[in-house]
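Welcome, and thank you for taking a look at this one. Please keep the structure open beside this note as you read.

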Amino acid sequence: MRYLMVDAGRVVVITGGSKGIGRAVAMRFAQEKARIILVHYDPDETASEKTMDALAKQGIEVESHKVDVSSFEAVDVLFKDILSRFGRVDVVVNNAGITKDTLVMRMSEEEWDMVLKVNLKSVFNCTHAVLRPMVKKRGGSIVNISSVVGLVGNAGQANYAASKAGILGFTKSVAREVAARQVRVNAVAPGFIQTEMTDVLPEQAKESFLQQIPLRRIGSPEDVAEAVYWLCSDAASYITGQTIHVNGGMFM
Ligand SMILES: NC(=O)c1ccc[n+]([C@@H]2O[C@H](COP(=O)([O-])OP(=O)(O)OC[C@H]3O[C@@H](n4cnc5c(N)ncnc54)[C@H](O)[C@@H]3O)[C@@H](O)[C@H]2O)c1
């Protein structure tokens with residue numbers, strides 16, 4: 001499905017854009033009338049259609065693709081298609097992510113591989129697919145969504161923590177590789193944010209997280225979206241290789 005708009009704005013690709021933080025990021029970019037491409041891998045289109053409708057109501061040109069971002073080939077095909085039709089990509093928000101929580105002693109090889117592939121390899125895949133055109137155009141902004149867990153660790157989330165810490169090393173390295181061409185690469189590390197990913201946690205776990213948050217509230221997807229948007233704006237044109245922590249003070 002695709003909605004068209006006459007005015008041409010920035011071309012923004014958001015992985016995991018169907019719901020949660022990705023949806024909030026899309027809604028934030030909608031305020032500048034960007035052209036938005038959502039990528040998701042939900043079993044059905046319910047969430048992505050809801051997001052597309054909300055964006056279309058604001059007159060935004062939006063399209064949605066069900067693509068597994070952990071697949072190098074599928075991502076390459078997707079970006080080639082986007083680039084051929086739009087001529088450029090200005091922003092990529094690497095936000096798709098999953099959890100497969102369990103203690104390392106009980107963790108299967110599949111649980112390890114799956115989380116690393118979806119959360120970390122996907123960031124390489126999308127970056128690889130878009131970097132050359134951005135470098136050629138001498139501009140672009142990539143924001144990778146990490147997590148506070150990648151910085152402080154969390155029992156039961158070793159695979160997730162490793163993927164999110166990996167994103168930070170990747171972000172800094174790519175930032176150094178392309179800075180001279182005015183392409184900026186940054187990360188946002190959210191703390192505890194209310195989305196479907198955290199809705200499944202037991203009440204006791206949520207309460208215990210809350211106790212660790214100095215600002216004494218769970219974050220909203222919009223809290224994260226604001227930081228992502230700002231990093232992609234001209235206001236942040238001298239910022240690259242950085243991580244913005246959106247966590248209510250959980251980690252300082
Ligand atoms: N919610 C939190 O508290 C929190 C905290 C820190 C970091 N994060 C990170 O923020 C990002 C978004 O989290 P959320 O809470 O909005 O999650 P969510 O579960 O609400 O949404 C996840 C999105 O990722 C997409 N996705 C999952 N696997 C995919 C794949 N293989 N290919 C393409 N898309 C795929 C889903 O379709 C969906 O659109 C994730 O990277 C997550 O690790 C979330």
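The points below go from the overall picture to a strand, a pocket and two loop residues.

1. A word on the source: this is a predicted model, so please read every value here as computed from that model.

2. Let us begin with the whole chain. The protein holds 9 helices and 8 strands. Its C-alpha trace spans about 50 × 40 × 35 Å along the principal axes. A compact globule of 252 residues would have a radius of gyration near 18 Å, and the 17 Å found for the protein agrees with that. Of the 252 residues, 50% count as buried.

3. A good place to zoom in is strand β5, residues 91–94. Val91 and Val93 point one way from the strand, while Val92 and Asn94 point the other way. Are these residues buried or exposed? All of them are buried.

4. Now look at the neighbours of β5. Strand β2 (residues 11–15) pairs with β5 in the parallel sense, over 3 bridges. Within that pairing, Ile14 has Val93 as its bridge partner in β5. Strand β6 (residues 140–145) also runs parallel to β5, and 4 bridges join the two. Here Val91 stands opposite Ser141 of β6.

5. How is β5 connected with β6? Helix α4 (residues 109–137) belongs with both strands: β5, α4 and β6 make a right-handed β-α-β unit.

6. Next, a pocket. The second largest one has a volume of about 310 Å³. Which of its 18 lining residues are the closest to its centre? They are Gly140, Gln182, Val183, Arg184 and Ser237. The elements giving two or more residues to this lining are β6 and β7 (183–190), so you meet β6 again here. By kind, the lining divides into 6 nonpolar, 7 polar and 5 charged residues.

7. Two backbone angles deserve a look. Most residues other than glycine have a negative phi. Lys33, although not a glycine, has a positive phi of about 60°. You will find Lys33 in the loop between α1 (20–30) and β3 (35–40). Lys33 is partly exposed, with a relative accessible area of 37%.

8. The other angle belongs to Arg216. Its phi is positive too, at about 55°, and Arg216 is not a glycine. Arg216 sits in the loop between α8 (203–211) and α9 (221–231).

Key: Residues numbered from 1 in each chain as written. Predicted model: local features only at pLDDT ≥ 70, side-chain atom pairs only at ≥ 80, totals over all residues. Heavy atoms only, no water. Buried < 20%, exposed > 50% of the residue type's maximum accessible area, 1.4 Å probe, protein only. Pairing = 2+ DSSP bridges. Right-handed = clockwise from strand over helix to strand, strands pointing away. 1 Å grid on protein atoms, 1.4 Å probe; cavity = no way out; pocket = protein on both sides within 12 Å on 5 of 7 lines; lining within 4 Å. Points joined across faces, edges and corners; volume = space filled by probe spheres on them. Nonpolar A, V, L, I, M, F, W, Y, C, P; charged D, E, K, R; others polar. Rg over C-alpha atoms; globule rule 2.2 N^0.38 Å.
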